Structures are given as structure tokens and as C-alpha cells.
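The following exercises practise the reading of a protein model. Each task is followed by a solution that proceeds step by step.

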Amino acid sequence: MKKENGIWKVITASSLGTLIEWYDFYIFGSLATVIAGQFFPKTNPTAALLSTLATFAAGFIVRPFGALVFGRLGDIVGRKYTFLLTLVLMGGSTFAIGLVPSYESIGFAAPIIVLLLRLLQGLALGGEYGGAATYVAEHAPAHRRGYFTSWIQTTATLGLFVSLGVILLTRHSLDADKQISIAKFNDWGWRIPFLLSIVLVIVSIYIRLKMQESPLFSKLKSEGKTSVNPLKESFGHKANLKMVLLALFGATMGQGVVWYTGQFYAQSFLENVCKIDFDQSRTILIWAIVFGTPLFVLFGHWSDKVGRKWIMLTGMLLAVLTYRPLFTELLYLSDGANKIEQVDLSKRQVTLTPIAGTTDSVRLIKEDRFFSDGSIFHASTKDTLYGDGLKKTALPVITLTKEVGGTVYWKMIGIVFLMIVYVTMVYGPIAAFLVELFPTKIRYTSMSLPYHIGNGVFGGLTPFVATLLTTIYANNQLAGLMYPIIVAGICLVIGVLYLSNKKAIH
């Protein structure tokens, strides 16, 4: 019982810190549309959003370098102090993003500073996950590694959940009037979730300072058997390099794109393609996460009994087969052409604002359309009305947001929940899978690199590449799905052919 209590203390301390690191990392992605208007020119909203998503992706691209730097430290110095250092680096970078002046204040220096801080975040996270997963795995009994490490797996999703919750609470607490509150949030309130992270980090540092070093690593260190050069042993030896490559192309690559499609691109798709209201697009994801999170532990526990391979590969297969119909259904549910409109309840408001020194005016038309299923579409059109009253600009600025009715709202939650189920299948067992591939003395380095290339490069690029493909193939709203489907499909084939389902014991 004492040993069981000890492992739960390890899990709690490791999970809390890792959750905070994921919160810090994902708050940027959760606020992509707001940040786009703060740190990039507002003249081209699509380019600004793509630039923001590229900056978001940059944090993922450098994660493998963080894995190498901190993995080496973790295998030489120890697990505890290494991922304590990553926590400080992550928290400081996140706090600093909340202080960076806007593009209007300092010009292109703003996006450059944010990019540099984002790169620091990526480096820190590259060292965090491998340390936390290794630390928990080395405290857990070998026959229950899947179960105990799956608690660490929940932290990424819960970090996203917390970031979304803090954003919504902040957004609604700035003013009693909804429109004023939104304006304040978009202007300066978005900084609050970044600045709050410093409090969470201080609490986590305090808890982690009380932790003891991993028993397996302590034993190696006392016997003088720690690795002298973890990088050389991990990637210079043919047998170990083969396992690193197999872990990447047969597991983490597909796991990464499934993770980010289900929990990031789904939200981006709802907001930017389906035009679902800011709050609803995020609460849909929040509910799906609430219902789906326990499944990480379920599949991690199940992997102790049946092995890791087929659970992960089944999640990839389901994603490849069902992404297109699931996203097609989201489009169908959000399309006004498939709804019965209550014309008599529609509201239309026209405002003319004179342009100084001319007879022309800026015309703003606001129109709310109501539907029998409870959905409301808010449309606004801004153009120029010339003095003769007969001509207007050919390309007016049109903004459309949709609030979907209760039945449609819960159907969308159900669809995103299915995507979260795939996430839990590929992600729940993977920490134990990676830990068991590599020997203790080079485990931190060896498992961190394929994990962070799979998640950081292949997975982290998903929102950017998918949005870019949708922009290139403007007539195909599902074009973005080509990327995750192809990557997951390749990984599935390699995994089926070459992965072992044996539960190795180190």
C-alpha cells in the first residue's frame, strides 16, 4: 500500500507540472485568431491567421531539438532537475508573451519577439514530456506501466481544456455587456491567460522540488552505469537507431496527426470553415474533452493486458476511414441551406456613417437570421455607398458567425467526441510503448526524439498545413484533411508490418 501511495504522489506531481506546461503551450493555439490581429498586419486576415499558425507550428518544429538537449541532460544529470528546468523555461516564456507590445506599437519587432518566445516554449516542451513519462514509468511496476503512464497522457488534453476554460472565463468577465467584453478581450484581455501562467508555474515548481529522483536512474548512477554520451548511444548504434526510426514512422507520426486533428484542427474547422461562434466552437471541444479524457486511462490500462500496438493502430485506422464523413457532417449541420428559416423573425439593421469630405458613406448592414432548430446566423456586411446612391463597392467585407441550436450543438459535440476517442486510442498507451523500447540509461533521449518529431513536426504542423490546403483549394472545404489522412495511413501500414506487440520489460 505504501508503494502504491508513493506512485500516486509521483503521478500527481509529474502530471500537474506537465499539465501546466501543456496549458502554457496551447494557450497560443487556442487564441490564434485573436493573436493574428495583435502581432501581424490586419490588412489581410487570412495571411495574419496563417502567419500565427506558422508561429504556433514553429514551437512544435523545435521540440525535437529540446528533446536532444534536455534528453541528454536527463540521462546524465537526472530526470527530476531536468524537467524542473523545462518548467521554469516554459512558464517564463509564456508570461513574457503576455507582455509583448502589439504590431501597431512596435511593428515587425512584435511577431519576431513572439516567434523567439514560441521557440523557447517548444524547446522546453521537448524536454518536459520525455522526462515526465520516463519518471512515472520508472516508478511504476512493469506490468502496470500502461495504466500509470496513461495519467500523464491525460495532461496534454487537460492542459488544452484548462486553456480553453481560462480563455472563456476571462472573455466573459471583462464587462457585463457581451460586445464590450469581447472588444476588451480582443484588445488587451487576451493577455490575462498568459500572465496567469506564472502563478501556476510557481505552484508546480514548489511541488516538484519535493520530488525524489527516479529509483532506476538513481540505481544506475550509484553503480556508475549512466550514459557518458546519450546522443551517441541513442543514434550512433544501429540497433537503437532502428528502434528510434520505427517508433517515429510506425507510431508517433500517425499518433501526432490524429491528436492535432481531433483537438486543434477540429476547433479551427468549426470556427473558420463552419463559422461557428467563438464561444460555441470552444465549448464543443470542452465537452468532447470532458467525455473523452477518462478513455486515456482506459486504453492505457487495457494495453497492459493486450499490448500497445493494436490499440494505437486501430485508432489510426478509424481516423483514416472516418475523418472525411465526420467533417462532412459538421459542414452539413452548420449549413443554413439544410435548415428551415423563420423569415418573420429575422432582424435587419442598416447604419450609414458619412466619409468626411465626400458625399459617400460607409454602410454597415447587420442581419440576424433565425431557424426552427434554434440556430441563429449573425451576418454583417460593410461596404461603401457612393453619393449618387446607385453604386457600392464590388467586394464588400462580409462577416458571418453562427450560433447553432441545442440539437445541432450536441450532435457536433458527439462528432468531435468520436475524434477524441481516436486520440485516446493512439495516445493513451504510447508513453508505456516508448519507454519499453529503450534501455534505462538512454531512455530519456531515445524516447523523446521520435515522440517530439512525430508530435512536433508531423502533428504540430497539422493546423497550419490543413488551413493552407483549404486556402489553396478554396473550392474544397475538406482539402485540409488530406494531410492527416495520408500521414496516418503511411504510419498505419508501417506499424502493421513492423511494430511488435510484445510488452518489453526493462
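**Exercise 1. Two hairpins**

Task: Determine how many residues lie between β1 and β2 in their hairpin, and which residue in the turn has a positive phi.

Solution. Step 1: The hairpin of β1 and β2 has six residues between its strands. Step 2: In this turn, G357 has a positive phi of about 80°. The model is a predicted one, and these values are computed from it.

Task: Describe the pairing of strand β1 with β2.

Solution. Step 1: Strand β1 covers residues 347–354, and its pairing with β2 is antiparallel, over eight bridges. Step 2: Two partners illustrate the pairing. K347 faces D368 of β2, and P354 has S361 of β2 as its bridge partner.

Task: Describe how strand β2 pairs with strand β3, and what joins them in a hairpin.

Solution. Step 1: β2 comprises residues 361–370 and β3 comprises residues 376–385; they are paired in the antiparallel sense over 10 bridges. Step 2: S361 is placed opposite L385 of β3, while F370 has I376 of β3 as its bridge partner. Step 3: Five residues separate β2 from β3 in this hairpin, and G374 in the turn has a positive phi of about 95°. Step 4: S361 therefore appears in both pairings, since β2 pairs with β1 over eight bridges and with β3 over 10 bridges.**Exercise 2. Two pairs of helices**

Task: Which values describe two packed helices?

Solution. The description uses the angle between the two axes and the distance between these axes.

Task: State how helix α16 is oriented with respect to helix α17.

Solution. Step 1: Helix α16 spans residues 309–334 and helix α17 spans residues 406–427; their axes come within 8 Å and cross at roughly 165°. Step 2: An angle over 145 degrees counts as roughly antiparallel. Step 3: Hence α16 and α17 are roughly antiparallel to each other. Step 4: The crossing of α16 past α17 is left-handed. Step 5: The residues of this contact of α16 with α17 comprise 18 nonpolar, four polar and two charged.

Task: State how helix α8 is oriented with respect to helix α9, and which residues make the contact.

Solution. Step 1: Helix α8 (residues 145–173) packs against helix α9 (residues 178–189) at an angle of about 120°, and their axes are 7 Å apart. Step 2: The two helices α8 and α9 are therefore oblique to each other. Step 3: From α8, the contact involves I167, T170, R171, H172 and S173; from α9, it involves S181, I182, F185 and G189. Step 4: The residues of the contact of α8 with α9 divide into three nonpolar, five polar and one charged.

**Exercise 3. Three residues: buried or exposed?**

Task: Classify S163 as buried or exposed, and list its contacts beyond its sequence neighbours.

Solution. Step 1: S163 is located in helix α8. Step 2: A residue under 20% relative accessible area counts as buried. Step 3: S163 is classed as buried because its relative accessibility is 0%. Step 4: When neighbours within four places in sequence are set aside, S163 is in contact with Y23, Y26, I27 and S30.

Task: Carry out the classification for T424, buried or exposed.

Solution. Step 1: T424 belongs to helix α17. Step 2: Its relative accessible area is 0%, so T424 is buried. Step 3: Not counting residues up to four places away in sequence, T424 touches G292, L295, F296, F299 and P429.

Task: Where is T440 found, and is T440 buried or exposed?

Solution. Step 1: T440 is found in the loop between α18 (430–437) and α19 (443–459). Step 2: With a relative accessible area of 13%, T440 is buried. Step 3: The C-alpha atoms of T440 and E138 are separated by 8.5 Å, although these residues are 302 residues apart along the chain.

**Exercise 4. The chain as a whole**

Task: How many helices and strands does the chain have, and what percentage of its residues is buried?

Solution. Step 1: The secondary structure comprises 21 helices and four strands. Step 2: Of the 506 residues in the chain, 55% are buried. Step 3: Among contacts in the chain with a separation of 6 or more, 79% are between residues 24 or more positions apart.

How values were computed. Residues numbered from 1 in each chain as written. Predicted model: local features only at pLDDT ≥ 70, side-chain atom pairs only at ≥ 80, totals over all residues. Heavy atoms only, no water. Axes fitted to C-alpha atoms, helices over the stretch in contact; angles between N-to-C directions. Parallel < 35°, antiparallel > 145°, perpendicular 65-115°, else oblique. Left-handed = near helix turned anticlockwise from the far one by under 90°. Nonpolar A, V, L, I, M, F, W, Y, C, P; charged D, E, K, R; others polar. Contact = heavy atoms within 4.5 Å. Pairing = 2+ DSSP bridges. Buried < 20%, exposed > 50% of the residue type's maximum accessible area, 1.4 Å probe, protein only.
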